[in-house]
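Trainee: Before I use any of the usual words for helices and strands, I would like to understand what earns each word its place. Could we go through them together?

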Amino acid sequence: MGDNGSVWLPDPGTTLAGEVDSLFWFVFWVSTVIFAMVVLAKVYFMVKYKRTSESDVPEPVEESKALEAIWIVVPTILVLIVFTWGFDVFVKLYSAPPDSYEINVRAQQWSWEFSYNEGATSYTELYVPVGRPVKLNMTSADVLHSFFVPAFRVKHDVIPNRYTSVWFQAEEAGEYTIHCTEYCGTQHSGMNATVVAVSEEDFAAWIAEQSQDLPPAILGQQVFAQCQACHSVDGSAGIGPTMQGLYGTERPLTDGSIVLADDDYLLESIINPMAKIAEGYQPIMPAGFSALSQKQLDGLVAYIKTLE
Ligand code: CUA
């Protein structure tokens, strides 16, 4: 639920969200009225035609042509309205304008990676310009995920070995929550991110800043955003060991041996997480991080070394 929405729906954040809502409320209220009519009629008939004695035999019922015509014609019209209206909104929702700004989205257990044409990559924040259509080309590195921004009313499965897409045009600068809505394993519920909608100028500035060559530890800190669902950096317990104070210490493993947490151990634990399992933890870390570039891996190791 959004910060400013009603109990029912978060505030609509895109040009199309309002149209989705109108259709939703139309279907909702038509259904509610019909439901109420059916229930009230049922209660009325229960009272009116209640059998009062053993000898009570009901009168034969005569059909009413007018009544039958009404309950055939009216629902048919309602269904046709919902169909044409729904089809219209559907086509709009799935037809990205040709001048859309495109961003590649890669889902993996349990994080999102957003890659921009200019070379920038972000993980926990999806930066988009306000007032410009944005199209997301999405795919998954492992299992089924689903990309959902409640405030934007866009949701689509993210599937390995296939591209799916959504598009939206954010209307106001602000932050909007992204959820994964396809159960994808242990940390599914933690697989969230944020859409950060900023002005065109701020977006250009952000892109320029991101595309610079970063010092390894800074790059590593950015890449580490996709590890935070499982690994803390402040010593707090998580599904995996905290990274704080890890480097340079001796680590007990589940097989009873002890290993020194040096650069090689860190690198191996990222690209081949099943090789050495830290004592007290389950062997559940996804293998997909071996797909990170050498630069990103170097950055991660450099960053973890800074967490004293
Ligand atoms: Cu990814 Cu649920």
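Mentor: What follows is a conversation about the terms used for this predicted model.

Trainee: Why are H4 and H6 called roughly perpendicular?

Mentor: The axes of H4, residues 216–224, and H6, residues 294–306, cross at roughly 95° and come within 6 Å. Angles from 65 to 115 degrees count as roughly perpendicular, and therefore H4 is described as roughly perpendicular to H6.

Trainee: Which residues of H4 and H6 meet, and how do they divide into nonpolar, polar and charged?

Mentor: On the H4 side there are Pro216, Ala217, Leu219, Gly220, Gln221, Val223 and Phe224, and they meet Lys295, Gln296, Gly299, Leu300, Ala302, Tyr303 and Thr306 in H6. The residues of this contact of H4 with H6 divide into eight nonpolar, five polar and one charged.

Trainee: How do you know that the span of H6 is close to what is expected?

Mentor: The expected span takes 1.5 Å times one less than the number of residues. For H6, with 13 residues, that gives 18 Å, and the helix reaches 19 Å from its first C-alpha to its last, which is close to the expected value.

Trainee: What makes residues of H6 such as Leu297 count as buried, and what covers them?

Mentor: A residue is buried when its relative accessible area is under 20%. In H6 this holds for Gln296, Leu297, Gly299, Leu300, Val301, Tyr303 and Ile304, and what covers the buried residues of H6 includes H4 and helix H5, residues 263–271.

Trainee: Now the strands: why are E3 and E8 called edge strands?

Mentor: The open sheet has five strands in the order E3-E2-E1-E5-E8, with mixed pairing. Strands E3, residues 121–122, and E8, residues 164–168, each pair on one side only, and that is what the word edge refers to.

Trainee: How do you know that E5 and E8 pair?

Mentor: Two strands pair if there are at least two bridges between them. Strand E5, residues 134–140, is joined to E8 by five bridges, and the two run antiparallel; within this pair, Asn137 stands opposite Ser165 in E8.

Trainee: Does the cut-off also fit E2, and how many bridges has E2 with E1 and with E3?

Mentor: E1 and E2 have six bridges in the antiparallel sense, with Tyr116 in E2 as the bridge partner of Ile103. E2 and E3 have two, again antiparallel, and there Ser122 in E3 is the bridge partner of Phe114. At least two bridges are needed for a pair.

Trainee: What joins E1 to E2, and what lies between E2 and E3?

Mentor: A hairpin joins E1 to E2 through two residues, whereas the hairpin of E2 and E3 has four residues between its strands, and Gly119 in that turn has a positive phi of about 110°.

Trainee: What makes E2 mostly covered?

Mentor: Five of the six residues of E2 are buried, that is, under 20% relative accessible area.

Trainee: Why is E6 described as largely enclosed?

Mentor: Four of the five residues of E6, residues 145–149, are buried, so this strand is largely enclosed by the rest of the structure.

Trainee: Which strands does E6 pair with, and in which sense?

Mentor: E6 pairs with E7, residues 154–158, in the antiparallel sense over five bridges, and Val154 in E7 is the bridge partner of Val149. Two bridges also join E6 to E9, residues 174–180, and these strands run antiparallel.

Key:
Residues are numbered from 1 along each chain as its sequence is written. This is a predicted model: local features need pLDDT of at least 70, side-chain atom pairs count only at pLDDT 80 or more; totals for chains, interfaces and linings use all residues. Side-chain values use heavy atoms; hydrogens and water are left out. Axes are lines fitted to C-alpha atoms, for helices over the stretch in contact, and angles run from 0 to 180 degrees between N-to-C directions. Angles under 35 degrees count as roughly parallel, over 145 as roughly antiparallel, 65 to 115 as roughly perpendicular and the rest as oblique. Contact means heavy atoms within 4.5 Å. Ala, Val, Leu, Ile, Met, Phe, Trp, Tyr, Cys and Pro count as nonpolar, Asp, Glu, Lys and Arg as charged, and the others, Gly among them, as polar. Buried means under 20% relative accessible area, exposed over 50%, partly exposed in between (1.4 Å probe, protein chains only).
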